[in-house]
Amino acid sequence: MDRPTENLTGAMAPPVWIETDCSAIVHNFKQIRRWVSPGVKILTVVKANAYGHGILPVSRALVEAGADLLAVASVVEGVTLRQAGIAGKILVLGQLLPDEAPLVVHYDLTQALGDEQSARALSAAAVRFQKTVAIHLKIDTGMGRYGVWHEEAMPLLERLTDLPGLKREGVFTHFSSAGQSVQVSEEQMARYNRLLERMAQRHYAPGLRHLANSVGLIRFPESHWDLVRTGLLLYGASPVKENQPFMLEPALTLKSRIRFIKLIQTGQTVSYGGTFKAERPTAVATIPVGYAHGYPRTLSNKAELLVRGRRVRVIGKITMEDLMIDVTEVPEAAIGDEVVLIGRQGNERITAEELAMHARTIPYEILVGLSANIPRLSAGAA
Ligand SMILES: *Cc1c(COP(=O)(O)O)cnc(C)c1O
């Protein structure tokens with residue numbers, strides 16, 4: 001059937017999308033760079049699709065800005081970076097399965113490990129490929145996740161010394177409660193320090209010593225050692241409520257457009273369960289963003305978003321694909337208007353921290369929870 005040719009590309013715009021500002025990430029990186037001593041290296045964490053921002057553009061921008069290492073959670077993410085042509089050191093923070101060892105060696109990744117089984121698998125793969133593979137020894141000082149318990153680290157180190165093909169480049173641990181407890185954090189630092197002393201007595205060179213994550217970086221300068229690992233701060237969000245020693249620039253904007261507007265009468269309800277009941281004639285706009293996109297349902301009747309530079313509230317339960325907002329106070333709001341769910345519009349800004357507070361979670365979960373199906377557009381650098 002013949003149809004008149006028309007430009008259809010405009011109509012193909014996604015209903016919801018994410019804009020990542022890589023220049024904001026570079027700005028945040030430079031703020032952190034200025035805050036820690038010049039001799040301290042910075043490892044930038046790009047796991048979980050760079051906290052939802054898009055791993056490739058973010059990683060390229062960070063490497064260009066001078067990040068000393070990138071860190072990912074899994075071998076697969078490391079391989080993705082390498083296949084996209086990203087050189088430089090990539091540390092895999094998560095636990096290795098023995099069958100992944102050849103990939104680590106082949107793609108020249110650096111592996112965190114704290115057990116003999118993965119060390120043996122890596123060593124065997126290194127020998128087979130006739131290469132050396134870099135490892136960072138992972139110490140458990142109280143996190144209780146991965147790594148060797150600090151008191152058992154010396155015997156493990158001894159067993160690793162005989163394994164060919166492994167090059168120890170670092171020894172590190174992870175804060176469990178840097179945002180909650182000074183006492184717990186100090187105990188972890190003490191355990192780590194004691195291990196470093198024992199290593200020194202036995203003439204084991206530690207390589208890069210590291211401990212601080214974003215909160216540790218701010219609260220415990222004595223935890224900086226040779227390298228700090230930072231994730232959330234890079235993306236311009238704060239893991240703690242106190243003021244930062246530097247100005248952060250949020251990098252992610254979540255946008256959509258008004259699909260529909262209707263006027264409802266006093267007493268009418270909105271959405272499942274009728275949890276919103278109009279107390280006056282109310283202009284209701286529908287936005288095609290729901291919990292399928294990772295916009296938490298717990299934000300129902302709580303969160304605000306931006307329309308024409310003004311804050312408006314989500315009304316009624318957030319549904320799978322849509323949410324409703326009250327635009328009575330924004331009479332000029334029109335179908336097709338761009339709305340901002342996270343990020344800046346005009347002089348207003350909605351932060352991941354604000355949504356996290358309403359959803360009773362942490363900003364990390366808001367950012368990384370945004371669905372992988374939402375198209376990411378990046379701008380600003382690389
Ligand atoms: C994710 C992660 C980090 C980064 O944490 P932020 O709080 O985002 O800075 C640092 N170290 C390890 C081991 C991690 O898993």
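Let's start at the ligand. Two elements, α2 (47-51) and β10 (227-230), each supply at least two residues of the shell around the ligand. Keep in mind that this is a predicted model.

Who else is there? The shell has 13 residues, and the nearest ones are Lys47, Tyr51, Ser214, Arg229 and Tyr364. By class, the shell divides into five nonpolar residues, five polar and three charged.

Now the polar contacts. How far is the polar side-chain atom of lysine 47 from an oxygen atom of the ligand? The distance is 2.7 Å. Tyrosine 364 also uses its side chain: an N or O atom there is 2.6 Å from a ligand oxygen. Leucine 232 works through its backbone instead, where a polar atom lies 2.8 Å from an oxygen atom of the ligand.

How much of the ligand does the protein bury? On its own, the ligand exposes 390 Å², and the protein buries 93% of that. As for the site, the ligand sits in the largest pocket.

Next, step away from the ligand. Look at threonine 173. You will find threonine 173 in the loop between β8 (166-172) and α8 (182-201). Buried or exposed? Threonine 173 has a relative accessible area of 0%, so it counts as buried; the cut-off for buried is under 20%.

What does the side chain of threonine 173 reach? One partner is the backbone oxygen of isoleucine 139, at 2.7 Å. Another is threonine 141: the two threonine side chains, 173 and 141, share a polar contact of 2.8 Å. So that you can find them on screen, start from the loop after β8.

Now for lysine 277. This residue belongs to strand β14, residues 276-277. Why does lysine 277 count as exposed? Because its relative accessibility is 54%, and exposed means over 50%. Pick alanine 153 as a reference point. Lysine 277 and alanine 153 are 124 residues apart along the chain, and their C-alpha atoms are separated by 61 Å.

Last, the whole protein. How many helices and strands are there? The count is 11 helices and 21 strands. The protein has 382 residues, and 51% of them count as buried. Threonine 173 is one buried residue. Along the principal axes, the C-alpha trace spans about 80 × 60 × 40 Å.

To recap the ligand site: lysine 47 and tyrosine 364 each bring a side-chain atom to a ligand oxygen, and leucine 232 brings a backbone atom. That's the tour.

Note on methods: Residues are numbered from 1 along each chain as its sequence is written. This is a predicted model: local features need pLDDT of at least 70, side-chain atom pairs count only at pLDDT 80 or more; totals for chains, interfaces and linings use all residues. Side-chain values use heavy atoms; hydrogens and water are left out. A residue is near a molecule or strand if one of its heavy atoms lies within 4 Å of it. A polar contact is a pair of N or O atoms within 3.5 Å; within protein, one must be able to donate a hydrogen and the other to accept it, and residues adjacent in sequence count only if both atoms are side-chain atoms. Accessible areas come from the Shrake-Rupley method with a 1.4 Å probe; for residues, only the protein chains shown count as cover. On a 1 Å grid over the protein atoms alone, a cavity is a set of points where a 1.4 Å probe fits but cannot get out, and a pocket is an open set with protein on both sides within 12 Å along at least five of seven lines; lining residues have an atom within 4 Å of a point. A molecule sits in a cavity or pocket if more than half of its atoms lie within 2 Å of its grid points. Helices (H or I, at least four residues) and strands (E, at least two) are DSSP runs, numbered from the N terminus. Ala, Val, Leu, Ile, Met, Phe, Trp, Tyr, Cys and Pro count as nonpolar, Asp, Glu, Lys and Arg as charged, and the others, Gly among them, as polar. Buried means under 20% relative accessible area, exposed over 50%, partly exposed in between (1.4 Å probe, protein chains only).
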